[in-house]
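Please look through the sequence and the structure shown here, taking the meeting of the two chains as the place to begin and a single residue as the place to end.

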Amino acid sequence: MAAGGSCPGCGSAALVEDAHYAQQQLVCASCGCVLAEGLLTTTYAEEEHLREVAYSQSTGQKEQLSRCLQRGIRRVQDLCKVLQLPTVFEETAVSYFQRAVQHPSFHLVSLEKKELLGGCCVFVTCRQHSWPLTMGTICSLLYAKQELFASVYLSLQKELELSVPALSLADLVKTHLNSFRLFQHAADVPAPFVEDKEKMVTRTMQIVELASETWLVTGRHPVPIVTAAAFLSWQSLQPAARLTCTFARFCKVAGVDLPPPAHLRLKELLEILLRMASQLAWLRVFKMDKKTVVKHIGDLLQHRIFLLKNAFCLEDEEERCATALGEHSPVSPPAQEEGCPAEGKRQREGGPGPLLPPCLTNPRKRLRTAAPSASDLAITGDEPISDSEIEQYLRGPEEIRAFRQAKAWP
Amino acid sequence: MDADSDVALDILITNVVCVFRTRCHLNLRKIALEGANVIYKRDVGKVLMKLRKPRITATIWSSGRVMCTGATSEEEAKFGARRLARSLQKLGFQVIFTDFKVVNVLAVCNMPFEIRLPEFTKNNRPHASYEPELHPAVCYRIKTLRATLQIFSTGSITVTGPNVKAVASAVEQIYPFVFESRK
């Protein structure tokens, strides 16, 4: 609002504040010229107590939809509000839901599945906009079983032919760490446990990137990896005070769940870090173990590309060098001329082995070998059947009698 | 290394499922009483009969439909199915062995390299589906062959298809794509 001043039309100083319908205006009393208009919309502070009314609620649009569809749409909208998603997501999710419910394969499913369908639509929308939402979160919000959610999600993806991009780990790290209660001083958080958020996020991202380069992420659930990486980064930022804290205690203090696979991921990460530490010149003299390597995570992450190359046989030439026993081959990295072992299992001190997924380095079951015998190959399916062969599958009459008496068959 | 067809991959068939009809009503109680190696599931109305020589488990319904699982080749499946029909004949039923059909073949194949699954999914967008939160493998569907492949990061591939030829073609088709995204 222009304070004071004179009217540009007539020069009069008689300015009056008036309201034209709902709009505030600064008007010249003598000539009626409008000097300034108020905003048509209210400010954020004024809007706090107002509720915006959606178009669908003020018009009769809702009455055209069936009650089930209305309920489903309301559920989808509530889910979006709970997750604090932008409005665009809500519209997209509702449109997917409407499309899905009209589809013949979802039209007649149970109410439980229709509710899960709403959750799946929200989930798909978030993934398409790179919003890191995990299935676990949606399932816990809907109180749904993960298997049922998985089947509904996969059939939705198939029927509506939606292309759902992969979950971005970087975004997941940021969102997951937001839920940790370690970044502010609180009554139940001891002082040495509080950490700076930016540093922890950066270091956790680096550890997660390291995990994805070393086959620890492919095929695994992402949340335990992020939790384990967060624990390692938190410990490494102040090792003196935090090395004695266990993983379980860390999760309890941070206020997050400890998923069961996280312990295994932690173990695998520490193994990779130990292998890398064995290649770092100034750490070779020390005897590293799982506790002490945490102190040097900063250095290891800084030089991780070089250390990974040296710690594992990553290049093709080095693999061929490993298989050709004792042969010299033109290998580029000068740091390792000797000590390429033949298999990953026989790992000598500091000798590089192949970088394999953990299930290949510790195989639980023996890998099947194809060995069809000659007699199997000769089967045609039309051979004559001998009576003696069939007799073994039938009970004799005495057996049947005895069985009848014993069982007292009705 | 080039993705040429000279690479010999061992495709190991682990299971062949087949069905056939006996064209007569079967009394399940009689089969359960007089047959050896049988399990009678009265609540679902079927009898499970296991053969030893071809290691096969047959599910027998009273309508005369029989499903056999556990064979390691199509010929073995027919071999076992005929033996089963003969056993039912010996039990006194007027069995006619008809409508024999192999419905599903499950095979396993090992690639000599590891596979980067996220890269593979990105390159094969509509056919490949990868949800690490649900299953560790990429699910790749070939509509023309009606085959489904599950591709693991270790290079192991599980193929299911309607017959052995479809399974072999599926492995042949997937090899170049998988080779692109190898480690």
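How many residues does the contact take from chain A, and how many from chain B? In this predicted model, the contact draws 49 residues from chain A and 43 residues from chain B. Between them the two chains bury about 4,200 Å², and 56% of that area lies on carbon and sulfur atoms.

Turning to the polar side of the interface, the rule finds six salt bridges across chain A and chain B, and one salt bridge joins the side chains of Arg127(A) and Glu133(B), with an N to O distance of 3.9 Å. Between chain A and chain B there are also 18 residue pairs in polar contact, counted where both residues have pLDDT 80 or more. On the side of chain A that touches chain B, the elements giving two or more residues are helices H6 (111–128), H7 (135–142), H8 (146–159), H18 (358–361), H20 (387–391) and H21 (397–407) of chain A, and the largest share, five residues, comes from H8(A). Sorted by class, this side of chain A has 28 nonpolar, 10 polar and 11 charged residues.

A closer look at one residue of chain A completes the tour. Ala248(A) belongs to helix H13 of chain A, which covers residues 247–254. Is Ala248(A) buried or exposed? Because its relative accessible area is 42%, Ala248(A) counts as partly exposed, falling between the limits of under 20% for buried and over 50% for exposed. Along the chain, Ala248(A) and Pro259(A) are 11 residues apart, and their C-alpha atoms are separated by 9.9 Å.

Definitions and conventions: Residues are numbered from 1 along each chain as its sequence is written. Chains are lettered from A and ligands numbered from 1 in the order in which they are written. This is a predicted model: local features need pLDDT of at least 70, side-chain atom pairs count only at pLDDT 80 or more; totals for chains, interfaces and linings use all residues. Side-chain values use heavy atoms; hydrogens and water are left out. Contact means heavy atoms within 4.5 Å. Buried area is the accessible area (1.4 Å probe) that two parts lose on being put together, summed over both. A salt bridge is a side-chain nitrogen of Lys or Arg within 4 Å of a carboxyl oxygen of Asp or Glu. A polar contact is a pair of N or O atoms within 3.5 Å; within protein, one must be able to donate a hydrogen and the other to accept it, and residues adjacent in sequence count only if both atoms are side-chain atoms. Helices (H or I, at least four residues) and strands (E, at least two) are DSSP runs, numbered from the N terminus. Ala, Val, Leu, Ile, Met, Phe, Trp, Tyr, Cys and Pro count as nonpolar, Asp, Glu, Lys and Arg as charged, and the others, Gly among them, as polar. Buried means under 20% relative accessible area, exposed over 50%, partly exposed in between (1.4 Å probe, protein chains only).
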